[in-house]
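This report describes the strand pairing and the nonpolar cores of a single protein chain. The sequence and the structure come before the details.

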Amino acid sequence: ITVACPFCSKLNRIDAARTRDRPKCGECGKPILLDRPVKVSDNDLERVVKGSDIPVLVDFYADWCGPCKAMAPVLDDVANRYMGRALVAKLDTDQNPTMAVRYGIRGIPTLIVFRDGGEYRRLVGAVPRADIERLLDEAIAGSS
């Protein structure tokens, strides 16, 4: 998978099978924590999605959105549970309008699962954890 370091923003390639080994940034040496959603932006979303051998779940959200806030702990847990099998990312649509427009985000939260570099499926609105897990399980099974 390809993810940006949360400290220095350098993109890092990480072996998904070794995510529990607590990878470190190749530039600054600080930890890249993948047991929680990683932040992505207009500048790196497509590199993260296309650079991943595992499904990527992207949460398109905004800080002011109540349903988005309600989904945050669920996505934190999903990121931890699926670490190494899927990557969970978050994109703030207010700060990153280019990707929101490119992917036709009309309501938030919108969750899009990307597989093999392209959109696999999406869920719109606050959805139950079971729906998210079912979607990720399908995407993982289809990419094996």
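Within this predicted model, T110 of strand 6 is the bridge partner of F60. The pairing of strand 4 with strand 6 is antiparallel and runs over five bridges, and strand 6 also pairs with strand 7 (residues 118-124), again in the antiparallel sense, over six bridges. In that second pairing, I112 stands opposite R122 of strand 7. Two residues lie between the strands in the hairpin of strand 6 and strand 7, where D116 adopts a positive phi near 55°. Strand 6 is mostly covered, with five of its six residues buried.

| Strand pair | Sense | Bridges |
|---|---|---|
| Strand 4 and strand 6 | antiparallel | five bridges |
| Strand 6 and strand 7 | antiparallel | six bridges |

Turning to the interior, the largest nonpolar core contains 27 residues, and L34, L45 and L87 are those with the most contacts inside it. At least two residues of this core come from each of helix 1 (45-50), strand 4, strand 5 (87-92), helix 3 (97-102) and strand 6 (110-115). When neighbours within four places in sequence are left aside, L87 is in contact with I1, V3, L34, V38, V48, I54, P55, V56 and L57. A second, separate core has 18 residues, among them M71, V127, A139 and I140.

As for confidence, the chain averages a pLDDT of 94, and 99% of the residues score at least 70. Confidence is highest in strand 4 (residues 56-61), at a mean of 98, and lowest in strand 1 (residues 2-4), at 91.

Technical notes:
Residues are numbered from 1 along each chain as its sequence is written. This is a predicted model: local features need pLDDT of at least 70, side-chain atom pairs count only at pLDDT 80 or more; totals for chains, interfaces and linings use all residues. Side-chain values use heavy atoms; hydrogens and water are left out. pLDDT is the predictor's confidence in each residue, from 0 to 100. Helices (H or I, at least four residues) and strands (E, at least two) are DSSP runs, numbered from the N terminus. A nonpolar core is a set of buried Ala, Val, Leu, Ile, Met, Phe, Trp, Tyr and Cys residues joined through side-chain atoms within 4.5 Å. Buried means under 20% relative accessible area, exposed over 50%, partly exposed in between (1.4 Å probe, protein chains only). Contact means heavy atoms within 4.5 Å. Two strands pair if DSSP finds at least two bridges between them.
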